[in-house]
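Let's learn to read a protein model piece by piece. Have the sequence and the structure ready.

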Amino acid sequence: MTDMPTQAGDAAATHPRRVFSGVQPTGNLHLGNYLGAVKRFVEMQDEGLGETLYCMVDLHAITTWQDPAELTRSIRELAAAFMACGLDPKKSILFNQSQVAAHAELGWIFNCVARVGWLNRMTQFKEKAGKNRENASVGLYGYPVLMAADILAYQATHVPVGEDQKQHLELTRDIATKFNNDFGCPDFFPLPEPIIEGAATRVMSLRDGSKKMSKSDASDMSRINLTDDSDAIAQKIRKARTDPDPLPGSLEGLAERPEARNLVGIYAALADTTAEAVVAEYAGAQFGAFKPALADLAVEKLSPIAGRMREFLADPAEIDRILGDGAERAAAIANPIIDATYDKVGLLRSRPR
Ligand code: TYM
């Protein structure tokens with residue numbers, strides 16, 4: 001980025017390990033969210049190498065219009081999905097962004113640190129705003145700044161995300177660097193590490209191997225939702241677009257075959273193995289044989305999640321209690337960091353608690 005003094009610094013060297021990530025409560029979680037992010041959240045929680053905070057980013061969701069009643073429902077559904085996937089409120093802090101004021105407070109300060117030129121380069125804004133950019137909300141434009149605030153309000157050091165968030169993580173590091181330089185406090189904010197790992201960091205649409213699997217795709221056949229039943233999962237995999245060739249004997253043979261590469265990556269991630277191992281096992285197999293094996297694996301791994309989700313959703317009061325408790329614990333970490341930030345900027349900090 002331009003005008004940026006660079007700062008050496010590795011979060012792991014300057015701050016205790018703390019993991020933070022977020023997901024927007026807008027409709028169902030899909031297989032891309034699960035394999036690219038939430039599955040990794042659970043692994044990092046269970047590694048027990050420091051605090052883990054996982055946030056439902058409702059303030060990000062409202063950067064595009066959301067029906068209020070549906071938004072409330074989606075927040076509870078996402079909390080249920082998190083827990084159904086294996087996030088445990090006793091091990092991780094699970095909470096809702098708008099219930100912790102620190103995000104909006106630090107977001108404003110970072111709006112005054114980030115440069116317009118930096119935001120103009122954000123590819124997700126360009127994709128989401130589309131042709132009618134003049135009509136996009138100011139919130140959508142500032143979305144990556146709020147994301148930086150989410151992470152840095154906790155001085156988080158590690159951020160598990162899918163590949164599409166890489167540029168936002170780079171911006172977060174730039175904002176941290178500029179704040180630290182502008183206010184003469186080297187290492188105050190860590191430069192968080194994006195954790196983009198696993199066999200499926202970019203899951204593609206089942207209908208078009210050049211497009212990311214996404215909640216906003218008009219075709220439900222393009223994605224597997226975590227709430228899909230076994231029949232729907234099997235049908236979507238059976239109908240997934242492929243090419244007529246058998247699976248190759250090595251990864252290089254997938255280079256020009258995006259749909260085949262996508263299905264191999266999904267299989268590998270669901271089976272906790274590598275794409276290399278899958279290709280070695282199915283070398284020469286036709287999709288007529290590979291797809292049913294993938295469908296069986298997907299049903300085996302995903303249908304228990306849908307079942308657990310329904311159980312959690314049967315008790316919305318308990319979900320609200322968990323989110324309230326999570327928000328309290330999150331605020332207890334963020335508030336002293338926000339106090340110190342205000343102090344560095346020269347703002348007075350005396351607020352009703
Ligand atoms: P969101 O809600 O769009 O997606 C949540 C997570 O899922 C990943 N993901 C994918 N991974 C692989 N393949 C796909 N097709 C796919 N689609 C989505 C995303 O990379 C993400 O990790 N900006 C974020 C939310 C956010 C956040 C944060 C994340 C807000 N504040 C702070 C980390 C830290 C977003 O829109 O994710």
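The dialogue below goes through domains, their interface, salt bridges and the ligand.

Q: What should I know before reading?
A: This is a predicted model: local features need pLDDT of at least 70, side-chain atom pairs count only at pLDDT 80 or more, and totals for chains, interfaces and linings use all residues. Residues are numbered from 1 along each chain as its sequence is written, and side-chain values use heavy atoms, with hydrogens and water left out.

Q: Into which domains is the protein chain divided?
A: Domain bounds come from an automatic or database domain assignment. Here domain 1 covers 10–201 + 315–345. Domain 2 covers 220–312. Their centres, taken over C-alpha atoms, are 29 Å apart.

Q: How many residues of domain 1 are in contact with domain 2?
A: Contact means heavy atoms within 4.5 Å. On that rule, 19 residues of domain 1 touch 18 residues of domain 2.

Q: What area do domain 1 and domain 2 bury between them?
A: The size of an interface is often given as the accessible area lost when the parts come together. Buried area uses a 1.4 Å probe and is summed over both parts. Here the two domains bury about 1500 Å². Carbon and sulfur atoms hold 71% of it. On the domain 1 side, Leu31, Ala84 and Ala199 supply 35% of the area buried against domain 2, more than any other three residues.

Q: Which residues form a salt bridge between the domains?
A: Side chains of opposite charge can pair when their charged atoms come close. The rule asks for a side-chain nitrogen of Lys or Arg within 4 Å of a carboxyl oxygen of Asp or Glu. Between domain 1 and domain 2 the count is 1. Lys39 pairs with Asp272, with the closest N and O atoms 2.5 Å apart.

Q: What separates Arg73 and Glu70 in helix H4?
A: Helices are DSSP runs (H or I, at least four residues), numbered from the N terminus. Arg73 and Glu70 are 3 residues apart in H4, so about one helical turn separates them. Their side chains meet in a salt bridge (3.9 Å, N to O).

Q: How many residues surround the ligand, and which are closest?
A: A residue counts as near if one of its heavy atoms lies within 4 Å. The ligand has 26 residues around it. The closest are Gln24, Tyr143, Asp150, Asp164 and Val203.

Q: Where do nitrogen atoms of the ligand meet polar backbone atoms?
A: A polar contact is a pair of N or O atoms within 3.5 Å. One ligand nitrogen is 3.1 Å from a polar backbone atom of Gly32. A ligand nitrogen is also 3.0 Å from a polar backbone atom of Met213.

Methods: A polar contact is a pair of N or O atoms within 3.5 Å; within protein, one must be able to donate a hydrogen and the other to accept it, and residues adjacent in sequence count only if both atoms are side-chain atoms. Helices (H or I, at least four residues) and strands (E, at least two) are DSSP runs, numbered from the N terminus.
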